[in-house]
Amino acid sequence: MPPSNERWTGWLHALWGRPAGLTWLEAGDARPVLVGHGGDRMLYLPANGLDVALAATAHAGAHWRFGGAPQPRRGLKPVQQALFEVLEDARVEALALREMPGLRALWLPFHADPDAPAGNGFEALLARLSRVLLDPAWDDPHPWVVKARMAFDPSLPVREVASRLGNDIGQMRLPFNAPTWRMHAAYRDDGSCLWEPEAQAPDSDLELAADASPPEGTPADAVPEPASPPVLYPEWDERIARYRRDWCHVFSSTAPSAAVRLQPVPPGDRRRLARALRSLRGGAPRPAGRASWGDEFHPMALLDARLQMRAGQTPDNHIYRRRIAVPQPLAVQLLLDASASTADRCNDGRPLLAHMRDAALACAAAFEELGHRSALAAFASRTRHRVDWQQLKQWDEAAAAPAVLARAAGLRSGGSTRLGAAVRHAVAQVLSRKCCRAWTAARDPSCCCSATAKPMTSMRPTRPTCGATCAAPSRRRRRPASPCAASPCCGIAARSRACCRACWRPDAAALPTMGA
């Protein structure tokens with residue numbers, strides 16, 4: 001078991017005089033992770049043994065003491081990025097050894113162990129270079145390692161040296177698999193602290209909005225500033241196996257409209273898609289009554305049949321019950337990835353985003369045909385501090401509405417994909433809807449099922465839920481029709497008290513007397 005965090009943070013503070021937090025990782029094979037360059041520093045340390053912990057904490061303190069600002073990945077190939085990490089680790093360690101030469105005894109055993117790579121591949125050359133830069137008494141005969149050792153200067157930045165040495169590796173045609181590469185010395189961190197946050201780096205090899213060709217008549221830097229305050233969401237960090245709280249900033253807005261409107265979905269396509277989606281049901285299968293065949297036995301029917309047999313009567317053969325799916329209206333949130341990769345042209349010459357947009361509108365129209373509600377939104381990320389959420393279709397809008405088609409026509413590709421924040425925001429949007437459950441809300445915005453109504457906490461789906469549907473018959477004793485007067489509902493007479501709480505409150509003195 002590792003010692004307490006207080007002892008390890010005290011060890012860091014004693015070495016470099018800089019406070020830092022420490023958290024132990026559950027995965028023993030994970031790499032140390034350094035977070036923060038200012039006053040808020042954190043070291044995520046795997047429990048790999050006392051030697052690894054001592055060397056890793058000393059190495060982390062050297063980074064915080066002598067390390068520079070995070071570097072952008074742009075302009076460096078994966079080979080050059082790996083070289084930069086090795087050279088920067090060697091640089092901060094060399095500066096630390098000038099003040100505390102005894103630290104070499106903590107770090108050198110991880111480079112000089114018998115399992116250290118000794119081949120001529122690029123990963124082996126990185127391990128050999130790490131050792132010669134840490135141990136001046138060690139000689140490596142490889143020409144590239146000798147050249148790198150002569151070019152290395154701890155007092156100078158290493159980005160330019162990494163770029164030149166990487167070009168030499170490219171001329172040597174040495175293969176390199178960047179996703180699977182791990183530094184041989186187990187105490188060294190994963191290198192993420194050396195680079196700008198991932199939110200500021202490209203999520204893929206595709207060009208970002210700044211590099212993609214903008215729409216005609218639109219400046220390249222015409223990215224509208226968000227008008228609404230952001231909503232913060234956590235994000236899972238795979239390196240430290242933890243959520244980062246309030247990490248992503250999602251800005252919601254209504255998508256701008258274009259002068260050219262799209263054509264509605266053809267009725268034939270809408271009906272064909274509706275038939276394909278007809279199997280989607282909102283309710284779980286429920287047991288029905290007695291039947292002569294079914295999926296399971298009916299317990300009470302079996303008991304009655306046994307009693308009839310004991311009484312000398314012919315038992316009823318309706319001893320089964322079936323499970324039937326009770327169709328209920330669904331609320332479906334459709335998401336469109338509007339990142340820069342969707343600007344790629346398909347075989348027909350149209351961008352991928354256009355095909356995705358048409359498919360989403362067709363799905364929304366099909367859901368509308370089946371009686372389900374849907375909303376459509378597009379998302380794109382321009383760093384974790386700027387995840388744009390553009391609403392193309394609201395819940396109470398028709399898929400063929402001119403405003404919806406105009407917004408869809410104005411959608412443009414740009415930014416990168418940050419799916420986690422978009423999905424969390426979509427779930428929050430659905431869960432925060434102030435609409436009665438299991439019934440399709442009226443399109444009249446004055447209905448009590450609008451966003452101002454309180455959600456029902458206990459309601460059977462077979463009961464009407466708001467003034468828009470409370471003209472349906474109730475299973476209770478029939479009452480003469482009387483309007484819901486407690487709130488400006490839809491003006492439809494009610495035959496039941498099973499309205500939204502915004503329409504009916506038992507303790508409201510202003511309610512009209514319900515007749516017998």
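Modeller: Let's start with a definition: a residue is buried under 20% relative accessible area, exposed over 50%, and partly exposed in between, using a 1.4 Å probe and protein chains only. This is a predicted model, in which local features need pLDDT of at least 70 and side-chain atom pairs count only at pLDDT 80 or more, while totals for chains, interfaces and linings use all residues. Residues are numbered from 1 along each chain as its sequence is written, and side-chain values use heavy atoms, leaving out hydrogens and water.

Biologist: Thanks! What share of the chain's 516 residues count as buried?

Modeller: Here is the overall picture first. Helices (H or I, at least four residues) and strands (E, at least two) are DSSP runs, numbered from the N terminus, and the chain has twelve helices and 13 strands. Of its 516 residues, the share that count as buried is 40%.

Biologist: Among contacts between residues at least 6 apart in sequence, what share join residues at least 24 apart?

Modeller: A contact means heavy atoms within 4.5 Å. Taking contacts in the chain between residues at least 6 apart in sequence, the part joining residues at least 24 apart is 65%.

Biologist: And what share of the exposed area do carbon and sulfur atoms supply?

Modeller: Accessible areas come from the Shrake-Rupley method with a 1.4 Å probe, and for residues only the protein chains shown count as cover. The chain exposes about 27,700 Å². The share from carbon and sulfur atoms is 55%.

Biologist: Let's look at the sheets. What is the order of the open sheet of three strands?

Modeller: Two strands pair if DSSP finds at least two bridges between them. In this sheet the pairing is mixed, and the edge strands, each paired on one side only, are strand 1 (21–25) and strand 2 (33–35). Strand 1 runs parallel to strand 3 (residues 42–46), joined by five bridges. The order is 1-3-2.

Biologist: Which residue in strand 3 is the bridge partner of L22?

Modeller: Strand 1 and strand 3 are the parallel pair to look at. In strand 3, the partner of L22 is L43.

Biologist: What angle does the direction of helix 2 make with that of strand 3?

Modeller: Helix 2 (residues 50–66) packs on the sheet and touches strand 1, strand 2 and strand 3. Axes are lines fitted to C-alpha atoms, for helices over the stretch in contact, and angles run from 0 to 180 degrees between N-to-C directions. For helix 2 and strand 3, the angle is about 155°.

Biologist: What is the order of the sheet of five strands?

Modeller: This is an open sheet with mixed pairing, and its edge strands are strand 4 and strand 9. Strand 4 (residues 231–237) pairs with strand 5 (residues 242–254) in the antiparallel sense over six bridges, whereas strand 5 runs parallel to strand 11 (residues 387–393) over five bridges. The order is 4-5-11-10-9.

Biologist: Which residue stands opposite L232 in strand 5?

Modeller: Strand 4 and strand 5 are antiparallel, and D237 has R242 as its bridge partner in strand 5. Opposite L232 stands H249.

Biologist: Helix 12 lies across this sheet; at what angle to strand 4 does it run?

Modeller: Helix 12 (residues 419–431) lies across strand 4, strand 5, strand 9, strand 10 (373–381) and strand 11. Its angle to strand 4 is about 130°.

Biologist: What is the area of the nonpolar surface patch made by L335, L419, V423, V427 and L431?

Modeller: Patches are made of residues with over 30% relative accessible area and no salt bridge (a side-chain nitrogen of Lys or Arg within 4 Å of a carboxyl oxygen of Asp or Glu), joining like charges within 9 Å and nonpolar side chains (Val, Leu, Ile, Met, Phe, Trp, Tyr) within 5 Å. Helix 12 gives the most to this patch, with four residues, and L335 lies in strand 9 (residues 331–337). The area is about 440 Å².

Biologist: Is H111 buried or exposed?

Modeller: H111 sits in helix 4 (residues 104–111). Beyond neighbours within four places in sequence, its contacts include S130, L134 and Y187. Because its relative accessibility is 5%, H111 counts as buried.

Biologist: D246 has a positive phi; is it buried or partly exposed?

Modeller: D246 is found in strand 5, with phi near 50°, a positive value in a residue other than glycine. Its relative accessibility is 41%, so D246 counts as partly exposed.
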